[in-house]
Amino acid sequence: MYRDFKSEEKLIDALNIYQEKWVESLPDDSELEHITFSKKFENRIHKLLINKEKEQKENKDGSVIYFSTTFKRVTSLLLASVMFVVIVLFGVTALRETFFGFLKEYNSNDTATVIYPLDDPSYNPYIAFEESHFAYIPTGFERTTYNYSTQFFHQEYTNEDGNYIQIHQEQVGGGVLILDTENSEIIKLDLFGSNAFYYEKNGNHLYWQHGSSYYLMISDIPIEEMLKIARSLY
């Protein structure tokens, strides 16, 4: 599984538009006068703002907190902000993966492999993120797909027999990468000194890291050929 930063950028733009529309839709002062809160909610707010009983005993007089239009506006903003943060947290892939990364351990329950790219011994923050090339591509394969952004490069090769090779290169950043390895045997490898591994699930998968990039190759060709491609990286 790899992240599509173009889709994430569109999602973030959509969320920003949503936030602008949400702010525009907030009630004005005249509309706020008709907004009411349940008694249970008001009681909870009272407890948060003031200990009413204690003040009455000490001062021997009561104090009343009025739900003014200003207070209603602040409360509405707080409630809506919480909802917006939740939407953003689970809407952006990078944040969602980071969140679930804290809930899983490496190969937890054999359902997924959680990778922390920054912890890989091959990570080198001083190497600029640039597109990698491969000196070896099996005969008969031609590149049919190519996508890129400031943080990833993705290409796919196919041949006349319908075989395919997908190579995804992405910049190492914070957070985690979660790969679906359920019911798969993980074969650990050594590629450029990284914690590389190979597994089979809906295709053959080869993961490794080099410098400031990590790579995920998915194909239906033998592992020997995939390793030959990976080792030809320059």
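These exercises, each with a worked solution, cover the sheet, its central strands and the aromatic residues of a predicted model.

**Exercise 1. Get the overall picture: how many helices and strands are there, and what share of the residues is buried?**

Solution.
- Start with the elements. The protein has seven helices and nine strands.
- Turn to burial. Of its 234 residues, 37% count as buried.
- Then look at contacts with a separation of 6 or more. Residues 24 or more positions apart account for 57% of them.

**Exercise 2. Work out the strand order of the sheet and name its edge strands.**

Solution.
- Trace the order. Seven strands run 2-3-4-9-8-7-6 in an open sheet. Their pairing is antiparallel.
- Find the edges. Strand 2 (142–148) and strand 6 (187–191) each pair on one side only.
- Add the twist. From one strand to the next, it averages 15°.
- Recall the chemistry. Strands of a sheet pair through backbone hydrogen bonds, either parallel or antiparallel.
- Check one edge. Strand 6 joins strand 7 (residues 194–200) through five bridges, and the two run antiparallel. Within this pairing, Leu 189 has Ala 196 of strand 7 as its bridge partner.

**Exercise 3. Place strand 9: which strands does it pair with, and is it enclosed or open?**

Solution.
- Take the strand 4 side. Seven bridges link strand 4 and strand 9 in the antiparallel sense. His 168 is matched with Leu 216 in strand 9.
- Take the strand 8 side. Strand 8 and strand 9 also pair antiparallel, over seven bridges. Here Asn 204 has Ser 219 of strand 9 as its bridge partner.
- Inspect the turn. Strand 8 and strand 9 form a hairpin with two residues between them. Gly 211, in that turn, has a positive phi of about 65°.
- Test burial. Seven of the seven residues of strand 9 are buried, so the strand is largely enclosed by the rest of the structure.
- Split the strand by face. One side carries Ser 213, Tyr 215, Met 217 and Ser 219, and the other Tyr 214, Leu 216 and Ile 218; all are buried.
- Add the helix. Helix 7 (residues 223–231) lies across strand 4 (164–171), strand 6, strand 7, strand 8 and strand 9 (213–219). Its angle to strand 8 is about 20°.

**Exercise 4. Describe the surroundings of Trp 208 and Gln 209 in strand 8.**

Solution.
- Locate both. Trp 208 lies in strand 8. Gln 209 belongs to strand 8 (residues 204–210) too.
- Judge burial. Buried means under 20% relative accessible area. Trp 208 has 0%, so it counts as buried. Gln 209 also has 0%, so it is buried.
- List the contacts of Trp 208. Beyond four places in sequence, they include Phe 134, Phe 192, Met 217, Ala 230 and Leu 233. Ser 194 is another of them. The C-alpha atoms of Trp 208 and Ser 194 are 6.1 Å apart, with their positions 14 residues apart in sequence.
- List the contacts of Gln 209. Among them are Asp 120, Ser 122, Tyr 123, Val 172 and Tyr 214.
- Find the polar contact. The side chain of Gln 209 reaches the backbone oxygen of Pro 117 at 2.9 Å.

**Exercise 5. Classify Tyr 123: where does it lie, and is it buried, partly exposed or exposed?**

Solution.
- Locate the residue. Tyr 123 is in the loop between strand 1 (113–115) and strand 2.
- Apply the cut-offs. Partly exposed lies between the 20% and 50% limits. Tyr 123 is at 26%, so it counts as partly exposed.
- Look across the sequence. Tyr 123 and His 210 are 87 residues apart in sequence, yet their C-alpha atoms are 6.4 Å apart.
- Note the contacts. Tyr 123 touches residues including Leu 118, Gln 209, Gly 211 and Ser 212.

**Exercise 6. Analyse the aromatic rings: what geometry do Tyr 207 and Tyr 214 adopt, and which rings lie under a charge?**

Solution.
- Count the pairs. The structure holds seven aromatic pairs.
- Classify one. The ring centres of Tyr 207 and Tyr 214 are 5.9 Å apart and the planes meet at 40°, so the pair is tilted.
- Check burial. Tyr 207 is buried at 1% relative accessible area, and Tyr 214 is buried at 4%.
- Widen the view. Phe 197, Tyr 199, Tyr 207 and Tyr 214 form one aromatic cluster.
- Add the charges. Arg 143 lies over the face of Tyr 146, 4.3 Å from the ring centre. The charged end of Lys 228 sits over the ring of Tyr 136, at 4.4 Å from its centre.

Note on methods
Residues numbered from 1 in each chain as written. Predicted model: local features only at pLDDT ≥ 70, side-chain atom pairs only at ≥ 80, totals over all residues. Heavy atoms only, no water. Phe/Tyr/Trp six-rings, centres within 6.5 Å; stacked < 30°, edge-to-face > 60°. Buried < 20%, exposed > 50% of the residue type's maximum accessible area, 1.4 Å probe, protein only. Lys NZ or Arg CZ within 6 Å of the ring centre and 35° of its normal. Helix = DSSP H or I, 4+ residues; strand = E, 2+ residues; numbered from the N terminus. Polar contact = N/O pair within 3.5 Å; in protein donor to acceptor, adjacent residues only side chain to side chain. Contact = heavy atoms within 4.5 Å. Pairing = 2+ DSSP bridges. Axes fitted to C-alpha atoms, helices over the stretch in contact; angles between N-to-C directions.
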